[in-house]
Amino acid sequence: MNAAMVGRCLLWKRKVLPSYRKRRVSNIKSISNYSTLENKVSLTKLGEVLKQTIAAKGPITVADFMKECLQHPRYGYYMKDTVLGRRGDFVTAPEISQTFGEIIGLWFVSLVEEKYSQLKKPFRLVELGPGLGTLMNDMLRTLSRFPWMYRYLTVHLIETSPALTKQQQGALSKYSQNGTTLVWHTSIDEIPNDGSLFVVAQEFFDALPIHQFVWRENGWQEKLVDIETRREEPFHFRFVLSGGPTVASRVFLDFLGYHPSNLEEDSISKEELELSPQSLSIVQYMTKRLTESSGAFLVIDYGANQHISNSLRAIRSHEFVPILREPGEADLSADVNFLSFRKAYEQTLAKKNLLSQVPICLGPISQRQFLLSMGIEYRVLQLILSCKTDKEAVDIHSGYKRLVSGDSDGMGNVYKCFCIVSSDLGIPTGFSK
């Protein structure tokens, strides 16, 4: 399906990437005594939980801090009702333009149409972290125009937040009422193994917990979060160093081949690195699944095909705020390390020792390249021609430009697309070997 055909078939404020301000870290090994000081900012409910945990067990990893801030069952950021959309703290691509979800839906159609009769049914369409349900809504509206595929479709949404699950159910209720099977899960492991599997993760991996490592003369140390007791400091927490290697630094840096002996050779930064083990686990899981069944795994997120450092950021009310200021009250995210994704894919294949049915790993490519190769401009033109007012036309064009523009306020080059596809489906539209 070429771009012109795609266009005929279909009759943000983005999370800005800040320049991360490096924080000073103290090389300490033991926990500090603490007390609630009058000149501190107000301590959040989650902050109280974190203080108790650190007081009992010692400094926690950045990954544990991030996980608690976002996913704590009572006080986590994503447990709130209004964190996404224009009324929330940030807006993602599906809220900017309906064409985004429509194009992704068409991408899955283009994968299936030539191999339709050979593919196992049902077609399991999965979204990781569905947000408000906007992306899935636009995808299903598009896929419903292809009844030969849609009638075999079952929808699976992976969500850990009860509040967001409720919003998604409301947004997608019309499809379940019309007979489409929609199932919510808290883990991708719960997806049945039968049929063909098509998974999309849009701005999902950036919110998964990361470990941060700092290079010192005695090797890699891990950045941790401790209680701040200094009277002149306004926050209740501070970053410290482990003082030596940790389990995470040994296991995960070894996974990527970050050894002191090859740092110079591999041009790896000697200052700081970060890695998301949970992300790698999901990539490994999807690689395994796609060796056993037909399907595809599409990732769209901001990041780079290189080693990442110092990318953790906090956003509240569309503005950047200090990471440690009010735990649980701001969104935390980090750049996606697509280089580590490919490493996870390669190591998974090496362990399985496959000679055939090897899934194909492609990308990352820019979001701009992906959307334009799929013919998004044809769909935008179609929508503009059907507008009843000039304002509607301007809004549609503005959203389109935001998605594909390579300018500083656009998403076109900052966001990347990465995919793993089962071997029987070949090279999908937009990607090249």
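Is Trp220 buried or exposed? In this predicted model, Trp220 has a relative accessible area of 7% and is therefore buried, the cut-off for burial being under 20%. The ring of Trp220 also has an aromatic partner, Trp215. The two form an edge-to-face pair, with 5.2 Å from centre to centre and 70 degrees between the planes. Trp215 counts as buried too, because its relative accessibility is 18%, and the limit is 20%.

A second pair brings together Tyr302 and Tyr415. Their ring centres are 5.4 Å apart and their planes meet at 85 degrees, so this pair is edge-to-face; the class begins over 60 degrees. Here the partners come from distant parts of the chain, 113 residues apart: Tyr302 belongs to strand β11 (residues 295-304), and Tyr415 to strand β17 (residues 415-421). Tyr302 is buried, with a relative accessible area of 0%, and Tyr415 likewise counts as buried at 0% relative accessibility.

These pairs belong to a broader aromatic picture, in which the count of aromatic pairs comes to 20. One aromatic cluster is formed by Trp107, Phe108, Tyr116, Phe123, Phe146, Trp148, Tyr152, Phe198, Phe370 and Phe431. Tyr116, one of the cluster members, also has a charged neighbour: Lys121 lies over the face of its ring, 4.7 Å from the ring centre. A similar arrangement involves Lys223, whose charged end sits over the ring of Phe239 at 5.1 Å from the centre.

Attention now turns to helix α8, which covers residues 162-177. At 1.5 Å a residue, its 16 residues should span 22 Å, and the end C-alpha atoms lie 21 Å apart, so the expected and modelled spans agree. Along the way, α8 has a kink of about 50 degrees, centred on Ala171.

Which residues of α8 are buried? They are Ala163, Leu164, Thr165, Gln168, Leu172 and Tyr175. Some context from helix geometry is helpful here: an α-helix has 3.6 residues a turn, so residues three or four places apart point the same way. The buried residues of α8 are covered by elements that include α6 (134-143), α7 (147-150), β4 (153-158) and β5 (181-185). Beyond the helix, α8 is followed by Gly179, which has a positive phi, near 105 degrees.

How values were computed:
Residues are numbered from 1 along each chain as its sequence is written. This is a predicted model: local features need pLDDT of at least 70, side-chain atom pairs count only at pLDDT 80 or more; totals for chains, interfaces and linings use all residues. Side-chain values use heavy atoms; hydrogens and water are left out. Helices (H or I, at least four residues) and strands (E, at least two) are DSSP runs, numbered from the N terminus. The expected span of a helix is 1.5 Å times one less than its number of residues. The bend at a residue is the angle between axes fitted to the seven residues ending there and the seven starting there. Buried means under 20% relative accessible area, exposed over 50%, partly exposed in between (1.4 Å probe, protein chains only). Contact means heavy atoms within 4.5 Å. Rings of Phe, Tyr and Trp (its six-membered ring) pair if their centres lie within 6.5 Å; planes under 30 degrees apart count as stacked, over 60 as edge-to-face and the rest as tilted. A charge sits over a ring if NZ of Lys or CZ of Arg is within 6 Å of the ring centre and within 35 degrees of the ring normal.
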